[in-house]
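Please open the structure in your viewer and keep the sequence panel at hand. The tour proceeds by selections, each followed by a short account of what is found there.

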Amino acid sequence: MKICMVAEGCYPYGTGGVSSWIDSIIRAFPEQEFLVLSIVTDRQTPHRRFAFSLPENVTQVHEAYLRDQDWGSNCSRLEETAYAAVRSLVFGQNVDLDT
């Protein structure tokens, strides 16, 4: 199973309570594959080093930028079925996990 862990700029870059908690969860499930989506301010922020040594079950780390100049020009919209599936998941109504 692949699990996406969403972190608000803390893991794997900073130490502290939330980062330690995320690291502990990932390490507690070594048989699961984790992808980390770290929400950070912008692309201009100097590249930061990881504060944690990533376990082997973390296969990818991606960054999402809050202040990204590309949002308007390169942002693609979800197809209607994908949008409906995400919406159902967010609201917990008739969740369509297959889509």
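Begin by selecting R27 and D23 and displaying their side chains. In this predicted model, R27 and D23 form a salt bridge, and their closest N and O atoms are 2.7 Å apart. Both residues belong to helix α1, which covers residues 17-28; because they are four residues apart there, about one helical turn separates them. Which of the two partners is buried? D23 is the buried one, since its relative accessibility is 9% and the limit for that class is under 20%. R27, by contrast, is partly exposed, with a relative accessible area of 43%. A search for further salt bridges may be omitted, as one is found in the whole structure.

Next, colour the protein chain by secondary structure. Three helices and three strands should appear. Read from the N terminus, the elements follow the order β-α-β-β-α-α. The chain has 99 residues, of which 26% are buried.

Now move to the loop between β1 (2-7) and α1, and select P12, which lies in it. Display the backbone between Y11 and P12: the peptide bond joining them is cis, with omega about 5 degrees. This deserves a closer look because most peptide bonds are trans.

Keep P12 selected and add A51. The residue A51 is placed in another loop, the one between β2 (33-40) and β3 (58-65). Although their positions lie 39 residues apart along the chain, the C-alpha atoms of A51 and P12 are separated by 5.8 Å. A51 is partly exposed, and its relative accessible area is 40%.

Return to the loop between β1 and α1 and select G9, which is also found there. Is G9 buried or exposed? G9 is buried, with a relative accessible area of 18%. Add S38 to the selection and draw a distance between the C-alpha atoms: G9 and S38 are 5.1 Å apart in space and 29 residues apart in sequence.

A further pair of this kind starts in strand β1, where I3 is located. Select I3 together with E33; the C-alpha to C-alpha distance is 6.1 Å, for a sequence separation of 30 residues. I3 counts as partly exposed, at 25% relative accessibility.

Proceed to the largest pocket by selecting A82, A85, V86, S88, L89, V95, D96, L97 and T99, the residues that line it. The space inside amounts to about 180 Å³. How is the lining divided by class? Six of the lining residues are nonpolar, two are polar and one is charged.

For the last stop, keep V86, add V90 and F91, and switch to a surface display. Together V86, V90 and F91 form a nonpolar patch on the surface, with about 300 Å² of accessible area. V86 therefore links two stops of the tour, as it belongs to this patch and is also among the residues lining the largest pocket, patch members being residues with over 30% relative accessible area and no salt bridge. V90 sits in helix α3, which comprises residues 80-91. V90 counts as exposed because its relative accessibility is 60%, and the limit for that class is over 50%.

Terms used: Residues are numbered from 1 along each chain as its sequence is written. This is a predicted model: local features need pLDDT of at least 70, side-chain atom pairs count only at pLDDT 80 or more; totals for chains, interfaces and linings use all residues. Side-chain values use heavy atoms; hydrogens and water are left out. Patches are made of residues with over 30% relative accessible area and no salt bridge: like charges are joined within 9 Å, nonpolar side chains (Val, Leu, Ile, Met, Phe, Trp, Tyr) within 5 Å. Accessible areas come from the Shrake-Rupley method with a 1.4 Å probe; for residues, only the protein chains shown count as cover. A salt bridge is a side-chain nitrogen of Lys or Arg within 4 Å of a carboxyl oxygen of Asp or Glu. Helices (H or I, at least four residues) and strands (E, at least two) are DSSP runs, numbered from the N terminus. Buried means under 20% relative accessible area, exposed over 50%, partly exposed in between (1.4 Å probe, protein chains only). On a 1 Å grid over the protein atoms alone, a cavity is a set of points where a 1.4 Å probe fits but cannot get out, and a pocket is an open set with protein on both sides within 12 Å along at least five of seven lines; lining residues have an atom within 4 Å of a point. Grid points are joined across faces, edges and corners, and a volume is the space filled by probe spheres set on the points. Ala, Val, Leu, Ile, Met, Phe, Trp, Tyr, Cys and Pro count as nonpolar, Asp, Glu, Lys and Arg as charged, and the others, Gly among them, as polar.
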